[in-house]
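Here is an informal walk through one protein model, from charged pairs to strands to core. Have the viewer open as you read.

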Amino acid sequence: MTHRNRRGSSCILPAAMAIQSGARRSALVCLSTLSLCAVLCPTPAAHATPQDLYGFGVRSPGLAMTGVSFTNNWEGVYLNPAGLGAARRRAISFGFQAAAYDLQLDGDRYPLESARGSTIGFHLPLPFGDFLEDRLVLGGGFYTPANVLLRGEVAFPEIAQWPVLGRGQSIALQVGLGFDFHGILDGFRIGIGMSALANVVGALSVRLDESSTFVSNVETQLLTVFAPIAGLQLTQPEWGIGAVYRHEVRSEMDLRIEIADLPVSLPMVSVNGLIQYDPPQLALEGYWQPIPQIRVVLNATTRFWSAYSGPYRPTTVNSNIAPAPGFADTFSPRLALEATLHDGRLTGSLRIGYALELTPAPAARVANERNADGSVHLEGGMPVTRPIRFIDNDRHVLTGGAGLDYEFSGGEHLVFDFYGQLHVLGDRTHAVPLATDVVDAANPAMRSSGVVIVGGWAMQVEF
């Protein structure tokens, strides 16, 4: 097998060029250099929404990211839109959350920036009468990072990176509509919702004018894309069940560099990639209340990571791209317990939970490079290989939280909740070392581990 250590995709440029003047020669060399840099440089991007990592809202993250079977407020726009149908009062919520990373590669700290941002949510029963009275509830939930709207990198595959955990800084927008079948089938609800993202498309036009001066024009567009969410819920006095399907959330970037009016032709170059991604997922959940003050929740979430093609896209028709990520579908079991105590107008809640988040990523390895069409890149009839250092670990997630709900004399409620999470990454050994491309079968010493600490709070008013 042929192995090459290359820092990007290849591009074929003309070997001989007819230049008529020194000015044009300098301009063309400069432009060729810019084109080559566009091919060889990584593209800045972001990878996914933080609710897929830590849960959405403030009650659910304290309960091991459960809530599909019992959510009854604006958190349902992501957890399960059917739960919105249970709301009977209007509510608006504001909160804040943050995540700090201590990731280790071969005993050294990997520098992944902390993620923090604010959350706004609301739900609104729609004031219809007759058959639709107390049936339709509209909700929305929005997470905005503190520093940027989207952050991340599509780095060269040889560079060690955490493509699953490095997804905590991106905007999240969800809306949903729940329908309650009370009076027809009490406790049964259905709901639909969507997550909204944007594809980034555009063109950079470069040409030489009559005075041999570079003239450029940049045009970009944000094209909204939607990912549907659909669920159902059945609750009874002592138990409840729920199911939700969340379609894949993806956003592409495609910026084309168009070169014109030159004495030679240069290839079309694209700066592109998959910049934001959550896999399709299906969650099934049930809860049981042995006594009214105790709720036990069991959740099973399957993520279809095998649909992930990786962040890389060819930059020219002659480009080679990185090996396929080889991600696999995952199954995440979750268990949570919530205790509720009442004292007059005050209601307090305590929450604990555990989730096992299995990694979709294979260990870092040497794999086959691909052609632009996705086929294996061959030289001399043999596959060309290169390292792919996508680092990820199984995570044991311990969660806890608490809440206070005070009811005023007019029926209004003031609710304060907070939560914390500890993600413990299991130790993992990888087949390729950290600093070189030489695989030593006797000493495959690249090891990864770490912890992630997450916390947040929210204040909610119901009226």
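Let's start with an arginine. Arg 303 has a relative accessible area of 5%, so Arg 303 is buried. Keep in mind throughout that this is a predicted model.

**Charged pairs**

What does Arg 303 pair with? Glu 357 forms a salt bridge with Arg 303, and the closest N and O atoms are 2.7 Å apart. In sequence the two are 54 residues apart, with Glu 357 in strand E18 (residues 346–357) and Arg 303 in strand E15 (residues 294–303), so this is a link between distant parts of the chain. Glu 357 has a relative accessible area of 3%, under the 20% cut-off, and therefore counts as buried too.

The structure holds 17 salt bridges. Three of them are set out here, with the distance between the closest N and O atoms.

| Acidic residue | Basic residue | Closest N–O distance |
|---|---|---|
| Glu 357 | Arg 303 | 2.7 Å |
| Asp 180 | Arg 88 | 2.8 Å |
| Glu 338 | Arg 351 | 2.9 Å |

Take the Glu 338 and Arg 351 salt bridge next. Glu 338 sits in strand E17 (residues 330–343) and Arg 351 in strand E18, so their salt bridge ties together parts that are 13 residues apart in sequence. Both Glu 338 and Arg 351 are buried. The pair also belongs to a wider set: salt bridges with shared partners join Arg 59, Arg 295, Glu 338, Arg 351 and Asp 417 into one network.

In the remaining row of the table, Asp 180 forms a salt bridge with Arg 88. Asp 180 lies in strand E8 (residues 172–180), while Arg 88 lies in the loop between helix H4 (76–79) and strand E3 (91–105), so this pair ties together parts that are 92 residues apart in sequence. Is each partner buried or exposed? Asp 180 counts as buried because its relative accessibility is 3%. Arg 88 has a relative accessible area of 41%, so Arg 88 is partly exposed.

**A histidine with polar company**

His 413 lies in strand E24 (residues 413–430). Its relative accessibility is 10%, so His 413 counts as buried. Its side chain has a polar contact of 2.7 Å with the side chain of Asp 405, and another of 3.4 Å with the side chain of Arg 89. Setting aside neighbours within four places in sequence, His 413 is in contact with Arg 89, Asp 405, Tyr 406, Glu 407, Gln 460, Val 461 and Glu 462.

**Strands side by side**

The protein chain has 4 helices and 25 strands. For a look at how some of those strands line up, try E10, E11 and E14. Strand E10 (residues 214–235) and strand E11 (residues 239–246) pair in the antiparallel sense over 7 bridges. These two form a hairpin, with 3 residues between E10 and E11. To find the register, look for Ile 229, which stands opposite Arg 246 in E11. E11 also pairs with strand E14 (residues 281–288), again in the antiparallel sense, over 8 bridges. There, Trp 239 stands opposite Trp 288 in E14.

**Nonpolar cores**

In soluble globular proteins, nonpolar side chains tend to be buried together. Here, the largest nonpolar core has 33 residues, and Leu 103, Trp 162 and Val 452 have the most contacts inside it. Helix H2 (51–54), E3, strand E13 (269–278), E24 and strand E25 (446–462) each supply at least two residues of this core. A second, separate core has 8 residues, among them Trp 74, Leu 79, Ala 87 and Val 137.

Trp 162 is a handy place to centre the view. Leaving out neighbours within four places in sequence, the contacts of Trp 162 include Leu 103, Leu 105, Tyr 110, Ile 391 and Leu 425. Polar residues are on that contact list as well, including Gln 104, Asp 392, Asn 393, Ser 448 and Ser 449.

**A loop residue and the whole chain**

Thr 316 lies in the loop between E15 and strand E16 (320–321). With a relative accessible area of 6%, Thr 316 is buried. The C-alpha atoms of Thr 316 and Val 271 are separated by 9.3 Å, and the two residues are 45 residues apart along the chain.

Now zoom out. Buried residues make up 49% of the 463 residues in the protein chain. Among contacts between residues at least 6 apart in sequence, 72% join residues at least 24 apart. The accessible surface of the protein chain comes to about 20,500 Å², and 63% of that belongs to carbon and sulfur atoms.

Definitions and conventions. Residues numbered from 1 in each chain as written. Predicted model: local features only at pLDDT ≥ 70, side-chain atom pairs only at ≥ 80, totals over all residues. Heavy atoms only, no water. Buried < 20%, exposed > 50% of the residue type's maximum accessible area, 1.4 Å probe, protein only. Polar contact = N/O pair within 3.5 Å; in protein donor to acceptor, adjacent residues only side chain to side chain. Contact = heavy atoms within 4.5 Å. Pairing = 2+ DSSP bridges. Salt bridge = Lys/Arg side-chain N within 4 Å of Asp/Glu carboxyl O. Core = buried A, V, L, I, M, F, W, Y, C linked by side-chain atoms within 4.5 Å. Areas by Shrake-Rupley, 256 points an atom, 1.4 Å probe, with all protein chains shown as cover.
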